[in-house]
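User: I am new to this structure and should be grateful for a close look at its sheet. Please describe how the strands are arranged and what surrounds them.

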Amino acid sequence: MIVLNGGSSSGKSGIARCLQAVLPDPWLSFGVDTLVEAMPASMRTSDGGIVFAPDGEVIVGPEFRTLEAAWIEGLATMARAGARIIVDEVFLGGAASQRRWQQAIGGLQVLWVGVRCDATVAAGREIARGDRVAGMALSQADAVHRGMSYDLEVDTTHTESMECARTIFARVK
């Protein structure tokens, strides 16, 4: 399993796609955005689910955490069954988020990768994407890395996704 953690618009999804192209075996890619999109629309506007505040803050509630825990367990089960998994995540709680994952995936071989990007560059990407609440990239750029322990870090500020994927691939061999 490869876990990519970084703020919004830091380049995680692009790296995940490039990893799928360079890794010799098939790897499945799952992003937290997929989890959020799979939830009922009502959960994206309720205090119990996930709320995207106008300033870019992301607030998660207990119903979200319950579904997130099931999702993490599901990915861990797939990995234990032999699937190679790339996870594209945003650890809003920094080290506390990583601990939730570590508890669920204990015993699995995991490469923890921090995906960094200068906050202003990520904010520019956020605007260009047009599918994010303005401010998410700025608020998450550093916060998601607080207290984290990584095996490897890449920085997409001036490095293309494919180069980052090749750096990660060198550690997977």
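Analyst: The following account takes the sheet strand by strand and then turns to its surroundings.

This is a predicted model, in which local features need pLDDT of at least 70 and side-chain atom pairs count only at pLDDT 80 or more, while totals for chains, interfaces and linings use all residues. Residues are numbered from 1 along each chain as its sequence is written, and side-chain values use heavy atoms, with hydrogens and water left out.

The sheet is open and consists of 5 strands in the order β2-β5-β1-β6-β7, with parallel pairing. Strands are DSSP runs (E, at least two residues), as are helices (H or I, at least four), and both are numbered from the N terminus; two strands pair if DSSP finds at least two bridges between them. At the edges stand β2 (28-31) and β7 (152-155), each of which pairs on one side only. On average, neighbouring strands are turned by 20° against each other, direction ignored. Such angles, from 0 to 180 degrees, are taken between the N-to-C directions of lines fitted to C-alpha atoms, for helices over the stretch in contact.

Starting from the edge strand β2, 4 bridges link it in the parallel sense to β5, where Gly-31 stands opposite Asp-88 of β5. Strand β5 covers residues 85-89, and 5 of its 5 residues are buried, that is, under 20% relative accessible area with a 1.4 Å probe and protein chains only. In a regular strand, side chains alternate between the two faces of the sheet. In β5, Ile-85, Val-87 and Glu-89 point one way, whereas Ile-86 and Asp-88 point the other way. Strand β5 also runs parallel to β1, joined to it by 4 bridges, and Glu-89 in β5 is the bridge partner of Asn-5.

Towards the other edge, β6 (residues 111-116) and β7 pair in the parallel sense over 4 bridges. Here Gly-114 has Glu-153 in β7 as its bridge partner. Helix α7 (residues 161-172) lies across β1 (2-5), β6 and β7, and runs at about 170° to β7.

The pockets of the model complete the description. The largest pocket has a volume of about 570 Å³. Of its 36 lining residues, Val-32, Asp-33, Val-90, Arg-132 and Met-136 are the closest to its centre. The second largest pocket holds about 250 Å³ of space and is lined by 13 residues, with Met-1, Trp-27, Gln-109, Val-110 and Val-172 nearest its centre. A pocket is an open set of points on a 1 Å grid over the protein atoms alone where a 1.4 Å probe fits, with protein on both sides within 12 Å along at least five of seven lines; lining residues have an atom within 4 Å of a point. A volume is the space filled by probe spheres set on the points, which are joined across faces, edges and corners.

Methods
Contact = heavy atoms within 4.5 Å. Buried < 20%, exposed > 50% of the residue type's maximum accessible area, 1.4 Å probe, protein only.
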